[in-house]
Amino acid sequence: MYGEEAYKLAKEAKRANERLPPYNEELVRNVCREIRILFDDLQRAMQDKEYRTQADNGRRCAALIQHTSLRRNKRCLLAYHKQRLERVKEIAWAIGEVPEEIQDNLSSNEIEAFKEYKHILEEYDQQFLPINLMSDLKPPKDLYIEVRVLKDCGEIQTDNGTIKLEKNSQHFIKRTDVERFITQGYIKHIS
């Protein structure tokens, strides 16, 4: 039946609100194949002299159903990719890099789109030197915060000097110095 594969794709996109499931390449390929088949059938029907001169209502109705199915499949395919691209953009804003657990779920095109989007954000951010647009949008309550290091981050340079961020160590540090590590999940804010 026309549109079953596209319907599955749309349902998968709807279910993936909070997480990013693996890219369903097989289903996308099947929907694209169905779109091509429907388009070829429509082209053949429209080029048929008999259809153009004295097509009966049944043939016209069949052509209309094929055309509507083709458009619906295309909309479902675009909705699936738009939903995934929006999640990729959210990750770029929130974290700034693709986490390892999500990287396998992305297609090569999505990884490339992520890199290009991140590059655009960085270029835009450089125009406003004193303001970091990709930092947390909520104003901080405290200038200094207590943090626990979850993964080794190495040494970072701060206004007060160099600090070595080793796993399981705790620090009282300026929020802006470790904000990026907090969003990436390397450091946890202790309240």
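The chain has a mean pLDDT of 81, and 86% of its residues reach 70 or more, figures that belong with the fact that this is a predicted model. Confidence is not even along the chain, for it is lowest in helix H3 (residues 49–54), at a mean of 64, and highest in H2, at 89.

We can begin with the helices and the nonpolar core. The largest nonpolar core has 14 residues, and those with the most contacts inside it are Leu9, Val28, Val31, Ile35, Leu70, Leu77 and Tyr80. At least two residues of this core come from each of H1, H2 and H4, while the largest share, 6 residues, is supplied by H2. In soluble globular proteins, nonpolar side chains tend to be buried together. To see the core from one of its members, take Leu9: once its neighbours within four places in sequence are left aside, Leu9 is in contact with Leu27, Val28, Val31, Leu77 and Tyr80.

Tyr80, which is among the core residues with the most contacts, counts as buried because its relative accessibility is 1%, where buried means under 20%. The ring of Tyr80 also takes part in one of the 2 aromatic pairs that the structure holds. Its partner is Tyr23, and because the ring centres lie 6.0 Å apart with the planes at 45°, this pair is tilted; planes under 30 degrees apart would count as stacked, and planes over 60 as edge-to-face. The pair links distant parts of the chain, since Tyr23 sits in the loop between helix H1 (4–15) and helix H2 (25–47), whereas Tyr80 belongs to helix H4 (residues 57–94), 57 residues apart.

Helix H4 offers two further residues that are worth setting side by side. Arg84 has its place in helix H4, and with a relative accessible area of 3% Arg84 is buried. Leaving aside neighbours within four places in sequence, the contacts of Arg84 are with Leu20, Pro21, Pro22, Tyr23, Asn105, Leu106 and Glu110, a list that includes Tyr23, the ring partner of Tyr80. Leu64 also lies in helix H4, but Leu64 is exposed, because its relative accessible area is 54% and the cut-off for exposed is over 50%. Measuring from C-alpha to C-alpha in the model, one finds Leu64 and Leu42 9.1 Å apart in space, although they are 22 residues apart in sequence.

From the helices we can turn to the strands. An open sheet of 3 strands has the order S4-S1-S5, and its pairing is antiparallel. Its edge strands are S4 and strand S5 (187–190), each of which pairs on one side only, and the twist averages 40° from one strand to the next. Between S1 and S5, which run antiparallel, there are 4 bridges, and in this part of the sheet Arg148 stands opposite Lys188 in S5. A helix accompanies this sheet as well: helix H7 (residues 175–184) lies across S1, S4 and S5, and it runs at about 120° to S4.

The second aromatic pair belongs to this sheet, and here the outcome differs from the tilted pair of Tyr23 and Tyr80. The rings of Tyr144 and Phe172 have their centres 5.9 Å apart and their planes at 15°, so this pair is stacked. Because Tyr144 lies in strand S1 (residues 144–149) and Phe172 in strand S4 (residues 170–174), the pair ties together parts that are 28 residues apart in sequence. Tyr144 counts as partly exposed, at 33% relative accessibility, whereas Phe172, at 63%, counts as exposed.

Two other strands form a pairing of their own. Strand S2 (residues 154–158) and strand S3 (residues 161–165) run antiparallel and are joined by 5 bridges, and one of the residues to look for is Ile156, whose bridge partner in S3 is Ile163. A hairpin through 2 residues joins S2 to S3.

The loop between S3 and S4 contains Asn168, a residue with a notable backbone angle: the phi of Asn168 is near 70°, which is a positive value in a residue other than glycine. With 59% relative accessibility, Asn168 counts as exposed.

Conventions
Residues are numbered from 1 along each chain as its sequence is written. This is a predicted model: local features need pLDDT of at least 70, side-chain atom pairs count only at pLDDT 80 or more; totals for chains, interfaces and linings use all residues. Side-chain values use heavy atoms; hydrogens and water are left out. Rings of Phe, Tyr and Trp (its six-membered ring) pair if their centres lie within 6.5 Å; planes under 30 degrees apart count as stacked, over 60 as edge-to-face and the rest as tilted. Buried means under 20% relative accessible area, exposed over 50%, partly exposed in between (1.4 Å probe, protein chains only). Two strands pair if DSSP finds at least two bridges between them. A nonpolar core is a set of buried Ala, Val, Leu, Ile, Met, Phe, Trp, Tyr and Cys residues joined through side-chain atoms within 4.5 Å. Contact means heavy atoms within 4.5 Å. Axes are lines fitted to C-alpha atoms, for helices over the stretch in contact, and angles run from 0 to 180 degrees between N-to-C directions. pLDDT is the predictor's confidence in each residue, from 0 to 100.
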